[in-house]
Amino acid sequence: MKRMLLSCGLLLLAVRLCGAPVEVPRYEVYELGFTGKRYTVKENPVRDIVLLTQWRHESGRSYTVYGFYDGDGAGAASGNVFKVRFTPTETGVWRLVSVVSNDSRLNGQHAGLELLCTPSDRKGFWIPEKGVASGRWYRRSDGSHPYVIGNTMYSFLTETNVKGGDNGSSIERDVVESGKYFNKLRFAVGADLNPNPEHKPFLDADGNPTDDGAWSHRPNPEWFAGRVDKAVALSYERDLIADMILNGPDVEASRNNLRARENGGDATPFLRYIAARYGSYPNVWFCLSNEFDIRTPRFTPDEIVALGVQMRAFMPYPTPLSVHANQHDWYPELNITPGWNDHVIVQYKLRTLPEACDLALHNFYMGGGNMPVVNDELAYQGKGDKWSEADVVEAFLGAFMGGAYASTAYKSGSKLGNYFEGDFDAEEHTAADNLRWMREKIERNVTFWRMEPIPFAGAETSGVNIFRDGRPSFRHMAWPGHEYLLATDRSGRVSADLPEGTWTVVRFDLIKMEEKVVATDASGEFRTNAPDSRAVLWLFKKN
């Protein structure tokens, strides 16, 4: 971070000396420092000072980006440093056309600054692919379509175990190790169940560090710069989604973040701060709350909608935003027009292919039938929930066949394991390599973002559903006339009436991690048998 700040300072010096624009690669996060009034640890510029900037491209496109107070810029709570993080989305010249603040020292500062956005290989933001497959899949700004499988480590930012000691790992290690297997990491921005004895996310009225989100209007720069920034920036460099849970998940202190009792119940400063600090990172997703409808304090759907609308208004980019309920279908009351969320989150812990598939498809329609679905607690491996490796793998194949994404974790006992305290270990979470293999095979072989779930075998077969016979538990997806998928969870006959042309048939056994080309020139009636495996994906692809 210090190297990044030094680089920004040198670049700004070059602008002042020669007037040349600062060069910033496309989809890179550019951080600009501002100098305001000096504030003490008892003052609260996060709540009281607003810094608003507008950046305009030479084409006329513009973004409005909030700034945030950052203490002394190096983690101390007292200081005069404010920052703005801006990400250029088009090559060419961007200009900082407006800087507005109720701190007179900030007002107009750096106005007129120009950036030259250069090409890069960054993939950019995650955006629902509207108009294709009913909007159920994400694409990246560059047009690519990675498939998302997430991991969960709720309290890993504390680097603390359930007994209050060192967890034996680090933020850096957990991001790197988890990122070897998964492309999304869910975590809380606060301490939650395993608080660090010394380092806390908020400051009370006297400036003392606290875990209690009742003080969420007073974020601690030491925590957010040294821990949350670190996790987000490391994930960004690895193109790993940082799925940030703003409220919860378990203990009341962390669930107070959105209740903000010490600010009269107004969570505006916290939401604005989070949006300003992290909303320009293309790898960030926001989850307003984990299990918002249970525990203390709990929230109503109407309260969540109000918070979601407010959060969306602070966000400069199309950052994914949603909320997580208990084991309950998506609440239709959360659906408003225009919408505040861009995806549906559900929590259903399931073991079987058909259950995971059908639940995802049902909640797609509960959410309006036009946005992605993510089952963020589909299957936790380990003694905690008693899910085996095969349980996890079968469930994830089911979620995929339901046109959805999903997340997992390793849970060694009730509130135990790396799903809370970090210290990720793929030798414990043995399904991790299967899920990585599954994701890689899907991305390399399947045009899944054009595909939708299709009816069971025996339905009308005019090119939409080519499958018949088989077992009731088998599930199907199709890009009609181009690609078809069949998922099987046990042995049985596989029967397909292939449309005109010749077809390549490939079988992926996700349990054994084996790929087999079954046919390269299949046509007409195709018949074979499924192996006795709990998770097999069959791809029928037109030559």
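Student: Let's start with D391. Is D391 buried or exposed?

Tutor: This is a predicted model: local features need pLDDT of at least 70, side-chain atom pairs count only at pLDDT 80 or more, and totals for chains, interfaces and linings use all residues. Residues are numbered from 1 along each chain as its sequence is written, and side-chain values use heavy atoms, without hydrogens and water. Buried means under 20% relative accessible area, exposed over 50%, and partly exposed in between (1.4 Å probe, protein chains only). D391 has a relative accessible area of 8%, so D391 is buried.

Student: Which residue meets D391 in a salt bridge?

Tutor: A salt bridge puts a side-chain nitrogen of Lys or Arg within 4 Å of a carboxyl oxygen of Asp or Glu. Here the N to O distance is 3.2 Å, and the partner of D391 is R351.

Student: How many residues apart in sequence are the parts that this pair ties together?

Tutor: Helices (H or I, at least four residues) and strands (E, at least two) are DSSP runs, numbered from the N terminus. D391 sits in helix α9 (residues 389-401). R351 sits in the loop between β18 (344-346) and α8 (353-366), so the separation is 40 residues.

Student: What does R351 count as in accessibility?

Tutor: Its relative accessibility is 29%. R351 therefore counts as partly exposed.

Student: Which residues are joined into one network?

Tutor: Look for salt bridges that share partners. They join E31, D70, K83, R85, D229 and R277.

Student: Where in the chain are K83 and E31?

Tutor: Their side chains meet in a salt bridge (3.7 Å, N to O). The pair links distant parts of the chain, 52 residues apart. K83 is in strand β6 (residues 79-86), and E31 is in strand β2 (residues 30-39).

Student: Are K83 and E31 buried or exposed?

Tutor: One word covers both residues. K83 and E31 are buried.

Student: What does R277 form a salt bridge with?

Tutor: The closest N and O atoms are 2.7 Å apart. R277 lies in helix α6 (residues 268-278) and its partner in the loop between β5 (68-69) and β6, so parts 207 residues apart in sequence are tied together. R277 is buried, at 0% relative accessible area. The partner is buried too, at 1%, and is D70.

Student: Where does helix α4 bend?

Tutor: A bend is the angle between axes fitted to the seven residues ending at a residue and the seven starting there. In α4 (residues 221-237) the angle is about 35°. The buried residues of α4 include W223 and F224. The bend is at D229.
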